[in-house]
Amino acid sequence: MTLSPAFATRKPVSFVIPSLPKAGEESAVRKNSRSLRRHPFPAGGPLFTRMFTRLGCSGRPPHFVVEFFPYAGLVHTIRLRDDVAFVRFSDLLQTAPPRVLESAAALLLARLFRRRVPAELRDLYREYSLAQHVRRRVHHLRRRRARRATLAPTGAFHSLEQLFDQLNRGYFAGSLRRPHIGWSARPWRKQLGCFDPALDQIVLSSRLDRPGVPRCVVEYVLYHEMLHVKHPLRRARCGLQAHSRKFRAEEKHYAHYAAARRFLLRLR
Ligand SMILES: [Zn+2]
């Protein structure tokens with residue numbers, strides 16, 4: 001497959017490990033922070049060229065310019081402009097083994113050139129990104145670098161802080177401390193809510209802040225996120241393996257559970 005003009009887009013292709021909140025809700029890097037630097041990665045060029053061939057991308061590979069970038073999470077991006085591909089690896093990868101760098105490169109290239117990633121590379125990256133020590137570093141990095149989005153707890157139709165307090169009294173005997181809470185700046189398409197322990201915030205998709213969405217639906221999604229506050233893990237939830245059997249059982253305590261679920265099924 002050759003480089004077609006369709007790929008010569010300014011919009012970077014990126015991927016984030018599963019189960020982290022959306023990157024769009026916050027800036028990647030804190031501004032005015034001198035400690036955050038980019039580091040060129042000269043060996044990255046040959047690495048990408050190698051993976052380009054290994055994935056079976058045909059045609060002449062672009063010239064790869066690779067750097068480590070102080071993203072607020074395990075995020076990597078690639079952006080193609082003319083014959084040059086600009087790659088930014090999360091600077092967490094600076095200490096990663098070469099095989100992990102190869103697999104991350106393969107994932108980026110596969111996105112950009114629409115190739116299949118060999119399963120062993122995909123698994124390798126996944127294993128790395130979910131490893132305890134990596135999760136711990138991502139958590140600390142997010143706490144240091146990610147900025148909480150400015151969120152409005154009072155939406156156009158539903159006030160989340162008020163709902164939180166009511167749910168807290170009704171289902172948690174008032175024992176939950178209230179994290180930052182608010183509506184997403186833009187409606188999310190796939191996710192309805194998220195609790196991010198690193199930022200200590202609950203965000204609900206503003207897609208639910210509409211007149212046609214009954215209060216019990218907003219409450220249910222909020223209650224779900226509150227259960228994540230109650231059962232904290234040191235990583236952002238709502239991704240793979242996020243919900244234990246116990247969690248699911250507790251979720252059903254919500255009075256309008258069935259009605260809310262029915263509504264959400266139709267919403268999708
Ligand atoms: Zn969840």
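At what angle do the axes of helix 6 and helix 8 cross, and within what distance do they come? The first legend below takes this up, and the others move on through the predicted model.

**Figure 1. Helix 6 meets helix 8 in this predicted model.** The two axes cross at roughly 100° and come within 9 Å. Helix 6 and helix 8 are therefore roughly perpendicular to each other. On the helix 6 side, the contact is made by Cys216, Val217 and Tyr220; helix 8 brings Tyr257, Ala259, Ala260, Phe263 and Leu264. For orientation, helix 8 covers residues 257-267, while helix 6 covers residues 215-230.

**Figure 2. Helix 6 and its surroundings.** Here is helix 6 from end to end: 16 residues, reaching 22 Å from the first C-alpha to the last. That span is close to the 22 Å expected at 1.5 Å a residue. Of the 16 residues, 13 are buried, so helix 6 is largely enclosed by the rest of the structure. Helix 6 also lies across strand 7 and strand 8, and its direction runs at about 20° to that of strand 7.

**Figure 3. An open sheet of three strands, in the order 6-8-7.** The pairing in this sheet is mixed. Strand 6 (180-183) and strand 7 stand at the edges with a single partner strand each, so one side of each is left without a neighbour in the sheet. On average, neighbouring strands are turned by 10° against each other, direction ignored. Follow strand 6 across to strand 8 and you will find four bridges in a parallel arrangement; isoleucine 181 stands opposite isoleucine 202 in strand 8. Helix 5 (residues 160-172) packs on the sheet, where it touches strand 6 and strand 8. The direction of helix 5 makes about 125° with that of strand 6.

**Figure 4. The hairpin of strand 7 and strand 8.** Strand 7 (residues 193-196) and strand 8 (residues 201-204) run antiparallel and are joined by four bridges. Look for cysteine 194, which stands opposite valine 203 in strand 8. In a regular strand the side chains alternate between the two faces of the sheet. In strand 7, Gly193 and Phe195 point one way, and Cys194 and Asp196 point the other way. Which of these residues are buried or exposed? All four named here are buried. Four residues lie between the two strands of the hairpin, and aspartate 200 takes a positive phi near 50°.

**Figure 5. Strand 3 and its partners, strand 2 and strand 5.** Strand 2 (residues 39-40) runs antiparallel to strand 3 (residues 63-69), with two bridges between them. Histidine 39 has phenylalanine 68 of strand 3 as its bridge partner. Strand 5, in turn, runs parallel to strand 3, and seven bridges join the pair. One place to pick out this pairing is phenylalanine 64, whose bridge partner in strand 5 is alanine 85.

**Figure 6. Phenylalanine 86 in strand 5.** Strand 5 spans residues 84-90. Phenylalanine 86 has 16 C-beta neighbours inside 10 Å, so it counts as partly exposed. Leaving aside residues up to four places away in sequence, phenylalanine 86 touches Val65, Arg79 and Arg81. Histidine 63 and phenylalanine 86 are 23 residues apart in sequence, and their C-alpha atoms are 8.5 Å apart in space.

**Figure 7. Two loop residues with positive phi, aspartate 82 and alanine 173.** Aspartate 82 lies in the loop between strand 4 (75-81) and strand 5. Its phi is near 55°, and aspartate 82 is exposed, with 10 other C-beta atoms within 10 Å. Alanine 173, found in the loop between helix 5 and strand 6, has a phi of about 50° although it is not a glycine. Alanine 173 is exposed too, with 8 other C-beta atoms within 10 Å.

**Figure 8. Confidence along the chain.** The mean pLDDT of the protein chain is 83, and 81% of its residues reach 70 or more. Where is confidence lowest, and where is it highest? Strand 1 (residues 13-16) is lowest, at a mean of 57, and helix 1 (residues 44-54) is highest, at 97. Over residues 1-10, pLDDT stays under 50, and the model has 16 contacts beyond four places in sequence for them. Residues 17-32 also stay under 50, with 41 such contacts beyond four places in sequence. Where pLDDT is low, the predicted coordinates should not be read in detail.

Technical notes. Residues numbered from 1 in each chain as written. Predicted model: local features only at pLDDT ≥ 70, side-chain atom pairs only at ≥ 80, totals over all residues. Buried ≥ 20, exposed ≤ 12 C-beta atoms within 10 Å, placed from the backbone. Pairing = 2+ DSSP bridges. Expected span 1.5 Å × (residues − 1). Axes fitted to C-alpha atoms, helices over the stretch in contact; angles between N-to-C directions. Contact = placed C-beta atoms within 7 Å. pLDDT = per-residue confidence, 0-100. Parallel < 35°, antiparallel > 145°, perpendicular 65-115°, else oblique.
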